[in-house]
Amino acid sequence: MLKVGVLASGRGSNLEALLKQCANKKIAAQVVVVISDKAEAKALAKADEYNVPAFFIDPKVYSSKTEYNRALISKLKNFKVDLVVLAGYMRILDPLFIEAFPGKVINIHPSLLPAFPGLNAQGQALTGGVKYSGCTVHFVDEGMDTGPIIAQAVVPVLPEDTVEVLAQRILAEEHILLPKVVNWIAQGRVKLKGRQVVINI
Ligand code: GRF
C-alpha cells in the first residue's frame, strides 16, 4: 500500500476525492498524513472526517523558508510517506524538499500545462481565448508548475463561461485525474525518463 502525504492550503476537494477513493479501496494507496500552512484550511477538517492525522504547520514560526521546509520534511518522514501530493498547496517548495523526496512529489494544476502556470489558471485561460483547457498532474521540480507532465484531462471552454463555471468544469476532471495518477504510481506504472513520463498501461 502506497503511503501518501498531502499538502493543502485550502478547500481540500482534491484531498477529499483522494480520501474517498482510498476509503472505497478503489486505489492501492492510503493517505497517512495531511499538512496545511493555513490553520483555517478546510482540508484539515476533511482529513479529520476520514480519521487521517492532520497538522497545521505555521510558516510564521520558522526563521526561514528552509527551516519551514525542514519541518515539513520531518513530519512527512515520521509518517514514512512514499509519495507527496500537493493538492492546492499555495507555496513554492524549497529545493531541499524536492531533494528529500526525489521523483516522489506531484501536483495538480487547473490548466493544460505548460499553458497558464501560476495563479488563476482558469482566468488566464479565459483571457487567453483558448477553446480547450483542463488540468494537469505533474512531478514537482524547483519551478512553478514546470515539472514533467504525468497526465492531463481536457475540457471545452465555452463562450458564456465565467471563471467560476470553467473552474468547476475543470475541478470535476481534477477529482478523477488525481486519484487515477496516484493509483498508477501505487501500481508502479509511472516511470520518469528525463522530462518524459512513461505510463505502462
Ligand atoms: C485546484 O484547482 C488545484 O488544481 C489547484 O488548487 C485548487 C485546489 O482546490 N492547485 P481544492 O483545495 O483541492 O478544492
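About 850 Å³ of space lies in the largest pocket of this predicted model. Of the 35 residues lining that pocket, the closest to its centre are G88, Y89, M90, I108 and P110. Sorted by class, the lining holds 15 nonpolar, 13 polar and 7 charged residues.

Several elements contribute to these walls. At least two lining residues come from each of α1, β5, α5 (121-128) and α6 (163-186). The biggest share belongs to α6, which gives 5 residues to the lining of the largest pocket.

The ligand sits in this largest pocket. Around the ligand are R11, G12, S13, N14, G88, I108, H109, P110 and E174. Counted by class, this shell has 2 nonpolar, 5 polar and 2 charged residues. Two elements, α1 (13-23) and β5 (105-109), each supply at least two residues of the shell. Both α1 and β5 also appear among the elements that each supply at least two residues of the pocket lining.

Which residues make polar approaches to oxygen atoms of the ligand? One is S13, with a polar side-chain atom 2.5 Å from a ligand oxygen. Another is N14, where a polar atom of the backbone lies 2.8 Å from an oxygen atom of the ligand. A further one is E174, whose side chain has an N or O atom 2.7 Å from an oxygen of the ligand. On its own the ligand has 360 Å² of accessible area, and the protein covers 87% of that.

The range given for α1 starts at residue 13, and S13 and N14 are both in the shell around the ligand. The range given for β5 takes in I108 and H109, which also belong to that shell. I108 is in addition one of the residues closest to the centre of the largest pocket.

The chain after β5 has two backbone features to look at. Most residues other than glycine have a negative phi, and most peptide bonds are trans. The peptide bond from L113 to P114 is cis, with omega near 10°. P114 lies in the loop between β5 and α5. F116 is found in the loop between β5 and α5 as well. Although F116 is not a glycine, its phi is positive, at about 60°. The elements on either side of this loop, β5 and α5, each supply at least two residues of the lining of the largest pocket.

Definitions and conventions:
Residues are numbered from 1 along each chain as its sequence is written. This is a predicted model: local features need pLDDT of at least 70, side-chain atom pairs count only at pLDDT 80 or more; totals for chains, interfaces and linings use all residues. Side-chain values use heavy atoms; hydrogens and water are left out. A residue is near a molecule or strand if one of its heavy atoms lies within 4 Å of it. A polar contact is a pair of N or O atoms within 3.5 Å; within protein, one must be able to donate a hydrogen and the other to accept it, and residues adjacent in sequence count only if both atoms are side-chain atoms. Accessible areas come from the Shrake-Rupley method with a 1.4 Å probe; for residues, only the protein chains shown count as cover. On a 1 Å grid over the protein atoms alone, a cavity is a set of points where a 1.4 Å probe fits but cannot get out, and a pocket is an open set with protein on both sides within 12 Å along at least five of seven lines; lining residues have an atom within 4 Å of a point. A molecule sits in a cavity or pocket if more than half of its atoms lie within 2 Å of its grid points. Helices (H or I, at least four residues) and strands (E, at least two) are DSSP runs, numbered from the N terminus. Ala, Val, Leu, Ile, Met, Phe, Trp, Tyr, Cys and Pro count as nonpolar, Asp, Glu, Lys and Arg as charged, and the others, Gly among them, as polar. Grid points are joined across faces, edges and corners, and a volume is the space filled by probe spheres set on the points.
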